[in-house]
Amino acid sequence: MSLIGITYTERVPTTGIPEMEVLRARYLESLRNCRERGIRVLIDGREEPEHIWPKLFCSEDAGFYMADYVTETEGLVKEIRFDKIYMKDF
């Protein structure tokens, strides 16, 4: 699996764990790998510690987090920004 073209080795056990939890763990592992490669991971404009990252999967107050990938002029990703998005009823 990869996130923005960065692949990683499987570190997440899959036996006996619900599929959604496995997918979340893999996504968080991808974010860790991005950060280790020098890509900043921002939540609400701040670099948060890893124990805060699972809140990306929570949908409270009718809002959810959306990722924006910010690139350098050469097209390489330099930041992944997660901002809370609220849906408005029309």
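Here are legends for six close-up views of this protein, which is a predicted model.

**View 1. The whole chain, from start to finish.**
Start by getting your bearings: the protein has one helix and five strands. Follow the sequence and you'll meet them in the pattern β-β-α-β-β-β. Out of 90 residues, 29% count as buried. The protein exposes about 6,300 Å², and carbon and sulfur atoms supply 52% of that. Now take the contacts between residues at least 6 apart in sequence: 45% of them join residues at least 24 apart.

**View 2. A sheet of three strands.**
Here's an open sheet whose strands come in the order 3-5-4, with mixed pairing. Strand 3 and strand 4 stand at the edges with a single partner strand each, so each has one side left without a neighbour in the sheet. From one strand to the next, the twist averages 20 degrees. As a reminder, strands of a sheet pair through backbone hydrogen bonds, either parallel or antiparallel. Which sense do strand 4 and strand 5 use? They pair in the antiparallel sense, over nine bridges. To pick out one spot on these strands, find Met66, which stands opposite Asp83 in strand 5.

**View 3. The helix and the core.**
Helix 1 lies across strand 3, strand 4 and strand 5, and runs at about 140 degrees to strand 5. Which residues make up the largest nonpolar core? There are 11 in all: Leu28, Leu31, Cys34, Ile39, Val41, Ile43, Trp53, Leu56, Tyr65, Ile80 and Phe82. Helix 1 (19-36), strand 3 and strand 5 each supply at least two residues of this core. The largest share, three residues, comes from helix 1.

**View 4. Glu79 and its two arginines.**
The structure holds nine salt bridges, and two of them involve Glu79. One is with Arg40, where the closest N and O atoms are 2.9 Å apart. Glu79 lies in strand 5 (residues 77-86) and Arg40 in strand 3, so this pair ties together parts that are 39 residues apart in sequence. The other is with Arg81, and here the closest N and O atoms are 2.6 Å apart. Is Glu79 buried or exposed? Glu79 counts as buried, at 7% relative accessibility. Arg40 is partly exposed, with a relative accessible area of 36%, and Arg81 also counts as partly exposed, at 36% relative accessibility.

**View 5. More salt bridges to find.**
Look for Glu48 and Arg46, whose side chains meet in a salt bridge (2.7 Å, N to O). Glu48 is buried, with a relative accessible area of 15%, while Arg46 counts as exposed, at 52% relative accessibility. Then hunt down Glu29, Arg32, Arg35 and Glu50: these residues are linked in a network of salt bridges.

**View 6. Asp44 and its positive phi.**
Most residues other than glycine have a negative phi. Asp44 isn't a glycine, and yet its phi is positive, at about 55 degrees. Where is Asp44 found? Look in the loop between strand 3 (40-43) and strand 4 (63-71). Asp44 is partly exposed, with a relative accessible area of 40%.

How values were computed. Residues are numbered from 1 along each chain as its sequence is written. This is a predicted model: local features need pLDDT of at least 70, side-chain atom pairs count only at pLDDT 80 or more; totals for chains, interfaces and linings use all residues. Side-chain values use heavy atoms; hydrogens and water are left out. Helices (H or I, at least four residues) and strands (E, at least two) are DSSP runs, numbered from the N terminus. Buried means under 20% relative accessible area, exposed over 50%, partly exposed in between (1.4 Å probe, protein chains only). Contact means heavy atoms within 4.5 Å. Accessible areas come from the Shrake-Rupley method with a 1.4 Å probe; for residues, only the protein chains shown count as cover. A salt bridge is a side-chain nitrogen of Lys or Arg within 4 Å of a carboxyl oxygen of Asp or Glu. A nonpolar core is a set of buried Ala, Val, Leu, Ile, Met, Phe, Trp, Tyr and Cys residues joined through side-chain atoms within 4.5 Å. Two strands pair if DSSP finds at least two bridges between them. Axes are lines fitted to C-alpha atoms, for helices over the stretch in contact, and angles run from 0 to 180 degrees between N-to-C directions.
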